[in-house]
Amino acid sequence: MTETATGLRIRNAAPEEAEAVLAFWEEAAEGTSITDDVDGVTRLITRDPEALILAERDGVLMGSVIAGYDGWRCSLYRLAVLPSHRRRGISSALLAAAEERFAAVGGRRGDAMVLEANERAQRAWASAGYLREDHWRRWVKPFA
């Protein structure tokens, strides 16, 4: 856990917070995923307790990022900040924590999943130093 000079607390999520995280994403995140349910979030946290990073102030959840590492790639998902608290350094603090995590495990590059239609998110990732790679396309097949 880290606390910033502005009183923002950066910490890992606990399994019992799955419902609160899902409610937060309803308000703060763009788009949904097939794994947006209590079981999916709980499995993420149980499998990798350091993957879901939260930012809070005074007990209020302000932001999140999933910093997944599979031993090969460093993947970033669900960077989200409460709309009423954007542009206050919360996403920067979350990305710093994610990048610290990746550096500690020997990660070489972070890959972020960003919705094509979410221009605000694209600007945020670009301002954080991430570059768009147009020569890749995501291919998916739901199993359920």
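# Burial, pairing and packing in a predicted model

Q: Where is Ala28 found?
A: In this predicted model, Ala28 belongs to helix H1.

Q: Why is Ala28 called buried?
A: Its relative accessible area is 5%. Buried means under 20%, so Ala28 counts as buried.

Q: What makes Ala80 a contact of Ala28?
A: A contact requires heavy atoms within 4.5 Å. Leaving aside neighbours within four places in sequence, Ala28 is in contact with Ala80, Val81, Leu82, Pro83 and Arg86.

Q: What separates Ala28 from Ala121 in sequence and in space?
A: The two residues are 93 residues apart in sequence, while their C-alpha atoms are 12 Å apart in space.

Q: What does helix H1 touch when it packs on the sheet, and what angle does its direction make with that of E4?
A: Before the helix, the sheet itself: the open sheet has six strands in the order E1-E2-E3-E4-E5-E6, and the pairing is mixed. Strands E1 (2-3) and E6 (110-112) are at the edges, because each has a single partner strand and one side of each is left without a neighbour in the sheet. Helix H1 (residues 18-28) touches strand E3 (52-57), E4 and E5, and its direction makes about 100 degrees with that of E4. Helix H3 also packs on the sheet, where it touches E2, E3, E4 and E5; the direction of H3 makes about 30 degrees with that of E4.

Q: What makes E4 and E5 a pair?
A: Two strands pair if there are at least two bridges between them. Six bridges join strand E4 (residues 60-69) to E5, and the two run antiparallel; six meets the cut-off, so E4 and E5 count as a pair. Among the bridge partners, Gly68 is matched with Ser75 in E5, and Gly63 with Val81 in E5.

Q: Which residue takes a positive phi in the hairpin of E4 and E5?
A: Gly71 does, with a value near 90 degrees; this hairpin has four residues between the strands.

Q: Why is Ser75 called buried?
A: Ser75 lies in strand E5. Its relative accessible area is 15%, which is under the 20% cut-off, so Ser75 counts as buried. Not counting residues up to four places away in sequence, Ser75 touches Ile66, Ala67, Gly68, Phe102 and Asp111.

Q: Why is E4 described as largely enclosed by the rest of the structure?
A: Nine of its 10 residues are buried, so the description holds for E4. Strand E3 is mostly covered as well, with five of its six residues buried.

Q: What makes E3 and E4 a pair, and what lies between them?
A: E3 and E4 are joined by six bridges in the antiparallel sense, which satisfies the rule of at least two bridges. Leu54 stands opposite Ser64 in E4, and Glu56 stands opposite Leu61 in E4. The two strands form a hairpin with two residues between them, and in the turn Asp58 has a positive phi of about 55 degrees.

Q: How many bridges join E2 to E3?
A: Four bridges do, and the strands run antiparallel. On this side Glu56 in E3 is the bridge partner of Arg9.

Q: Why is Arg78 called buried?
A: Its relative accessibility is 15%; because buried means under 20%, Arg78 meets the condition. Arg78 lies in strand E5 (residues 74-81). Its phi is near 55 degrees, a positive value in a residue other than glycine.

Q: Why is Arg87 called exposed?
A: The relative accessible area of Arg87 is 86%. Exposed means over 50%, so Arg87 counts as exposed. Arg87 sits in the loop between E5 and helix H3 (90-104), and has a positive phi near 65 degrees, although not a glycine.

Q: What makes up the lining of the second largest pocket?
A: The second largest pocket has a volume of about 270 Å³. Of the 13 residues that line this pocket, Thr2, Ile10, Ile53, Ala97 and Glu100 are the closest to its centre. The lining divides into six nonpolar, three polar and four charged residues.

Q: Which element supplies the largest share of that lining?
A: H3 does, with five residues. Strand E2 (9-12) and H3 each supply at least two residues.

Technical notes. Residues are numbered from 1 along each chain as its sequence is written. This is a predicted model: local features need pLDDT of at least 70, side-chain atom pairs count only at pLDDT 80 or more; totals for chains, interfaces and linings use all residues. Side-chain values use heavy atoms; hydrogens and water are left out. Buried means under 20% relative accessible area, exposed over 50%, partly exposed in between (1.4 Å probe, protein chains only). On a 1 Å grid over the protein atoms alone, a cavity is a set of points where a 1.4 Å probe fits but cannot get out, and a pocket is an open set with protein on both sides within 12 Å along at least five of seven lines; lining residues have an atom within 4 Å of a point. Grid points are joined across faces, edges and corners, and a volume is the space filled by probe spheres set on the points. Ala, Val, Leu, Ile, Met, Phe, Trp, Tyr, Cys and Pro count as nonpolar, Asp, Glu, Lys and Arg as charged, and the others, Gly among them, as polar. Axes are lines fitted to C-alpha atoms, for helices over the stretch in contact, and angles run from 0 to 180 degrees between N-to-C directions.
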